[in-house]
Protein chains: 2
Amino acid sequence: MQIAIFVYDHMTALDAVGPYEVLSRLPGADTVIVAEQRGPVRCDTRKLALVADAAIDEVSAPDVLVVPGWSGSRQASLLRPGPVHEWIRGVDQHTTWTTSACTGSLILAAAGLLAGRRATTHWLATDMLAELGAVPSDARVVFDGKYVTAAGVSAGVDMALRLAASMAGDQTARAIQLGIEYDPQPPFDAGSPTKAPAEIVQSMRALRDFIIFGADAA
Amino acid sequence: MQIAIFVYDHMTALDAVGPYEVLSRLPGADTVIVAEQRGPVRCDTRKLALVADAAIDEVSAPDVLVVPGWSGSRQASLLRPGPVHEWIRGVDQHTTWTTSACTGSLILAAAGLLAGRRATTHWLATDMLAELGAVPSDARVVFDGKYVTAAGVSAGVDMALRLAASMAGDQTARAIQLGIEYDPQPPFDAGSPTKAPAEIVQSMRALRDFIIFGADAA
C-alpha cells in the first residue's frame, strides 16, 4: 500500500509530517515523500527542509495521496495549472484516498478534484475554497467519498487517525494514537476562530493575504 | 533568539517538527536544524529525511535547545557518551531553555542534565528515565527550572505552546495556536496508557524493547 506525501517549496512542515507520522505506521504502509524533483524542499519558514526521495514521474499509482498546505508565497503556490496538477489528476485515477491538510485542499480544488464536493481548509482560506468550486465546511475533517480534507496544519493528525481507522480498523488507529501518545492537552482553548480572542482573529484576518501569499501578495 | 532543533539518525520526525512548527513562529525566532554533520538525517521509519542546515560545531550558544526522541535502533540511540553529549552539555551552559520531546529526555538524562530533576518521556520509557537519574513524571509536559520535557511524540506541540507562553506571553502563544489551528479532535480517547484499551497497552509493553531499540535490541 503506497502512501505518497507530496512536498513542495514553501509548504508547511507539520501539514505533511502530522499525517506521515500516523499513516506511515499503518500495517503494510510503503510511504514515499515525492516532489516535482528529488531532493530537498524548503518549508515556509525557510528554516527546515524535507527531502523528496522520489520525483512525481516516479510515483504514478499510489493508494493514498496527501497534499499539505503552504504559507508565505504566491510564486510557490500551486493554484495555477501545470505539471503538478496533471500529476495530481493522474494519480487520483488510482488512489483509494486523496487527502489534504490545511491549504492543500486549495491545490486539490485548483486541480479540479473538489468541484461540488464538501471540503475543509485552514480557517483563513475558506472563501478561497468556495471560489475554487468546492463546498466549504468548517469541520476539522471532512470525508466526501474518497476525498478527505483537514483544517489548518495540526488538523492533519486528526484526519490521518480517522483515515487510519477507515483503512485498518479502529483498534489499529487506537494503537497508532497510543504510539504517538496523542492525548492532546493544549494550554489554551484558542485553536479555532470561534474560540480564540476576537482581537487575534481580527488581526490575522487583516493579514490573511500576507500570511498565505507573502510579500508578493499584491 | 536562536532555537536549535537537534536531529539525528532514527529520530521520530513529529518529535522535532511539532515543536519547530510552534517555536519557529515566535517573534524574533532564528531557528536552526542542527546535527552531528550537515545534510540529510533519516527518521525512524526510514521513509522521511530532514536536512540539517548546521553541524553541532557551528551552533555553540542557542537560547533554546530541542532534543527529539527516536525509535527502532540501539545503534543510533544517543544514550552513550560521545560528542553529542559533550555538545549538549556545552550548549546547555548558554540556553534559557533546554527541552525535549518523547525519548529525547533520555538523551538529556544520559548527558547528565536531569539528575534529580522531574521529567517526562514516552510512556513506554518511564522506567528508563528513572534509571538515568531523573525523577519520572507521567505529566504530559514537565517544567523543572529551565528543563522542559514532553511525553511521547505529539506532546511536543503542547510543550512548545507552553514554552511559547513562557517566552512571549499568553497572547502570542494563542496566536500561534490559532495559526496552526490546534483545536484537537482525536477520533478516539486512546492517547495515553490510562485511556487506551488494555490489550493494546499490554501488547505495546511486550514489544517495548523492539519499539525503542529495534531488531538489535537483544
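**View 1. Strand S4 of chain A meets strand S4 of chain B.** S4(A) runs antiparallel to S4(B), which covers residues 49–52 of chain B, and two bridges hold the pairing. Look for A:Val51 here: across from this residue sits B:Ala49, part of S4(B). Keep in mind that this is a predicted model.

**View 2. The whole contact between chain A and chain B.** Stepping back from the strands, we find 57 residues of chain A and 57 residues of chain B in the contact. On the chain A side, at least two residues each come from helix H1 (13–23), strand S2 (30–35), strand S4 (49–52), helix H5 (155–168), helix H6 (170–179) and helix H7 (198–206). The top contributor to that side is H6(A), with eight residues. Sort the chain A side by residue type and you get 34 nonpolar, 13 polar and ten charged residues.

**View 3. Helix H5 of chain B under its cover.** H5(B) is mostly covered, with eleven of its 14 residues buried. Among the buried ones are B:Val157, B:Met159, B:Leu161, B:Leu163 and B:Met167, and the list also takes in two charged residues, B:Asp158 and B:Arg162. What lies over them? The cover for the buried residues includes helices H1 (13–23) and H6 (170–179) of chain B, along with strands S7 (97–100), S10 (141–144) and S11 (147–150) of chain B. The helix length works out too: at 1.5 Å a residue, the 14 residues of H5(B) should span 20 Å, and the end C-alpha atoms are indeed 20 Å apart. Just past the helix comes B:Gly169, with a positive phi of about 95°.

**View 4. Strand S1 of chain B and its two partners.** Four of the five residues in S1(B), residues 2–6, are buried, so this strand counts as mostly covered. S1(B) pairs in parallel with S2(B), residues 30–35, over five bridges. S1(B) also pairs in parallel with S6(B), residues 64–67, this time over three bridges. B:Ala4 is a handy landmark: this residue stands opposite B:Val32 in S2(B) and opposite B:Leu65 in S6(B). Add helix H1(B) to S1(B) and S2(B), and you have a right-handed β-α-β unit.

**View 5. A glycine in a loop of chain A.** A:Gly145 sits in the loop linking strand S10 (141–144) to strand S11 (147–150) of chain A. Is this glycine buried or exposed? A:Gly145 is exposed, because just 9 other C-beta atoms lie within 10 Å, and a residue counts as exposed at 12 or fewer. A:Arg117 is 28 residues away along the chain, and its C-alpha atom is 8.8 Å from that of A:Gly145.

How values were computed. Residues are numbered from 1 along each chain as its sequence is written. Chains are lettered from A and ligands numbered from 1 in the order in which they are written. This is a predicted model: local features need pLDDT of at least 70, side-chain atom pairs count only at pLDDT 80 or more; totals for chains, interfaces and linings use all residues. Two residues are in contact if their C-beta atoms, placed from the backbone, lie within 7 Å. Two strands pair if DSSP finds at least two bridges between them. A residue is buried if 20 or more other C-beta atoms lie within 10 Å of its own, exposed if 12 or fewer, and partly exposed in between; C-beta atoms are placed from the backbone. The expected span of a helix is 1.5 Å times one less than its number of residues. A crossover is right-handed if, with the strands pointing away from the viewer, the path from the first strand over the helix to the second runs clockwise.
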